[in-house]
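Good morning, and thank you for coming. I shall walk through one structure, taking its contacts and then its principal pocket in turn. Please have the display in view as we proceed.

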Amino acid sequence: MSDLGRSAPVRSYARIALSIGVAALATQLVGCGKKAAVDEELAAKLVQPVAKVELAAAPAAAPGSRKGEDIFKAVCAACHESGAAGAPKAGDKAAWGPRIAQGFEGLVKSAAAGKNAMPPRGGAADLTDDELKRAVAFLANKAGAGFKAPE
């Protein structure tokens, strides 16, 4: 078959496609300038998201109920994990040895009053006495003390 035989059907299909395209364009242009009647309520309903996400703050622990480890992570770790401002690092037995030798009540008294760069109660004024004791016991016990924290 020659190229002439193949091109005639192609031209025919092209004319049909062009005719359909012109007809579709004409139907669109007929409505130009007119505002389409849209049901606003239905349109709003149709474009609603599939799901909604709401972020809420975690419920705060009741005063006095926080555990030593939680207080350590929230308040003490900033300095005692890195050794900032000369704070003895958590778990450093050599640094904590002389402090542990003061006894549990001595450490609690020091933490309550503040020491060197550490502010009173580690800067957490909302700590109850029992929470402070729990945090002190947790931190000292990481360095080998055997202090009993209040329940």
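**Aromatic pairs, salt bridges, cysteines and a pocket**

Phenylalanine 147 has a relative accessibility of 19%, and it therefore counts as buried, since the cut-off for that class is under 20%. Please bear in mind throughout that this is a predicted model.

Let me stay with the aromatic rings. There are two aromatic pairs by the rule applied here. In one of them, the ring centres of phenylalanine 72 and phenylalanine 138 are 5.4 Å apart, and their planes meet at 50 degrees, so the pair is tilted. Phenylalanine 72 belongs to helix α3 and phenylalanine 138 to helix α6, so this contact links distant parts of the chain, 66 residues apart. Phenylalanine 72 is buried, at 3% relative accessibility, whereas phenylalanine 138 is partly exposed, at 22%.

Phenylalanine 147 takes part in the other pair. Its partner is phenylalanine 104; the ring centres are 5.2 Å apart and the planes are at 50 degrees, so this pair too is tilted. Here phenylalanine 104 lies in helix α5 and phenylalanine 147 in the segment after α6, with their positions 43 residues apart in the chain. Phenylalanine 104 counts as buried, at 15% relative accessibility.

I turn now to charged side chains. Side chains of opposite charge can pair when their charged atoms come close. How many salt bridges does a search of the whole structure find? The search finds five. One of them joins aspartate 126 to arginine 66, with the closest N and O atoms 3.5 Å apart. Aspartate 126 sits in the loop between α5 and α6, and arginine 66 in the loop between α2 and α3, so the pair ties together parts that are 60 residues apart in sequence. Aspartate 126 is exposed, with a relative accessible area of 51%, while arginine 66 is partly exposed, at 22%. Both residues also belong to a network of salt bridges that links Arg66, Asp126 and Glu131.

Another salt bridge lies within a helix. Glutamate 69 and lysine 73 meet at 3.4 Å, N to O; they are four residues apart in helix α3, which means that about one helical turn separates them. Glutamate 69 is partly exposed, at 39%, and lysine 73 is exposed, at 57%. A further bridge joins arginine 121 and aspartate 129, whose closest N and O atoms are 2.5 Å apart. Aspartate 129 is partly exposed, with a relative accessible area of 48%.

What of the cysteines? The search of the whole structure finds zero disulfides. Cysteine 76 is in none, because the nearest cysteine sulfur, that of cysteine 79, is 9.0 Å away, and a disulfide requires the sulfur atoms to be within 2.5 Å. Cysteine 76 is buried, at 17% relative accessibility, whereas cysteine 79 is partly exposed, at 34%.

Finally, the largest pocket. Its space comes to about 540 Å³. The lining consists of 28 residues, and those nearest the centre are His80, Pro88, Trp96, Met118 and Leu139. Helices α3, α4, α5 and α6 each supply at least two lining residues. Which helix gives the most to this lining? That helix is α6, with five residues. By character, the lining divides into 19 nonpolar, six polar and three charged residues.

Terms used. Residues numbered from 1 in each chain as written. Predicted model: local features only at pLDDT ≥ 70, side-chain atom pairs only at ≥ 80, totals over all residues. Heavy atoms only, no water. 1 Å grid on protein atoms, 1.4 Å probe; cavity = no way out; pocket = protein on both sides within 12 Å on 5 of 7 lines; lining within 4 Å. Points joined across faces, edges and corners; volume = space filled by probe spheres on them. Nonpolar A, V, L, I, M, F, W, Y, C, P; charged D, E, K, R; others polar. Buried < 20%, exposed > 50% of the residue type's maximum accessible area, 1.4 Å probe, protein only. Salt bridge = Lys/Arg side-chain N within 4 Å of Asp/Glu carboxyl O. Phe/Tyr/Trp six-rings, centres within 6.5 Å; stacked < 30°, edge-to-face > 60°.
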